[in-house]
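Subject: Structure for your review

Dear colleague,

Please find below the structure that I am handing over to you, together with its sequence. My notes on the salt bridges follow it.

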Amino acid sequence: MGVPLNIDWQQILLHMFNFVLLTGGLYILLFKPVKSFIEKRQAGYEKQRADAAEAVKAAEARNAEVSRREAALESELEAMRKAAQQKADAEREAAEAAARGEAEKIIADARTQAELQRQRIIAEANREAAGIAREAIDKLFNERFPREKLEGRQDEQTDS
């Protein structure tokens, strides 16, 4: 037989066929399940990534909404503070005006009372002055014209 190195082609073909069967069986038994497991795992990771991205977008949207609401509340709060300050100022001014009016009324009443008292004092002083003047006139009159002289004159006038 003339085959160099004692090679048996039938054995080589059987080993090759055995290798093809082993490779095909391993492909079917191991590679396909592992490949589908890896694909499912990758799909799960992709889904998690997509869910996380969606959650991030939702969180950013909520954060933007909260920021917008916060700004709106700040402006509303500032408007309420201004309104409260204006109301307080208006009430303070009204109270001050009422106090000024009350003070003016008290001052006007005091002036009226002072004027009445001044008039009473002047009238009393005039009465006293008139009384003193009458007494002084009576005294001077009595000194100049004593009663005895007057009575004598009256008698003379009635006699004539």
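R69 and E65 are joined through their side chains by a salt bridge, with a distance of 3.2 Å from N to O. Please bear in mind that this and everything below comes from a predicted model. The two residues are four positions apart in helix α1, which means that about one helical turn separates R69 from E65. In an α-helix there are 3.6 residues to a turn, so residues three or four places apart point the same way. As to their surroundings, R69 is exposed, its relative accessible area being 52%, whereas E65 is partly exposed at 28%.

A second pair in this helix is D51 and K47. Their closest N and O atoms lie 3.2 Å apart, and the two form a salt bridge. Both belong to helix α1, which covers residues 9-144, and they too are four residues apart, or about one turn of the helix. K47 counts as exposed because its relative accessible area, 54%, is over the 50% cut-off. D51, by contrast, has a relative accessibility of 39% and is therefore classed as partly exposed.

A further salt bridge connects E78 with R81, and here the closest N and O atoms are 3.6 Å apart. The spacing in this case is three residues, again about one turn of helix α1. E78 is partly exposed, with a relative accessible area of 35%. R81 is likewise partly exposed, at 48%; this value falls short of the exposed class because that class requires over 50%.

Beyond these pairs, a network of salt bridges links four residues: D89, R92, E96 and R100. The search of the whole structure gave ten salt bridges, and I have described some of them here.

Finally, some remarks on the helix itself. Helix α1 is made up of 136 residues, and the distance from its first C-alpha to its last is 192 Å. That span is close to the 202 Å expected at 1.5 Å a residue. Where does α1 have a kink? The kink is centred on Y27 and amounts to about 40°.

With kind regards

How values were computed: Residues numbered from 1 in each chain as written. Predicted model: local features only at pLDDT ≥ 70, side-chain atom pairs only at ≥ 80, totals over all residues. Heavy atoms only, no water. Buried < 20%, exposed > 50% of the residue type's maximum accessible area, 1.4 Å probe, protein only. Expected span 1.5 Å × (residues − 1). Bend = angle between axes of the 7 residues up to and from the residue.
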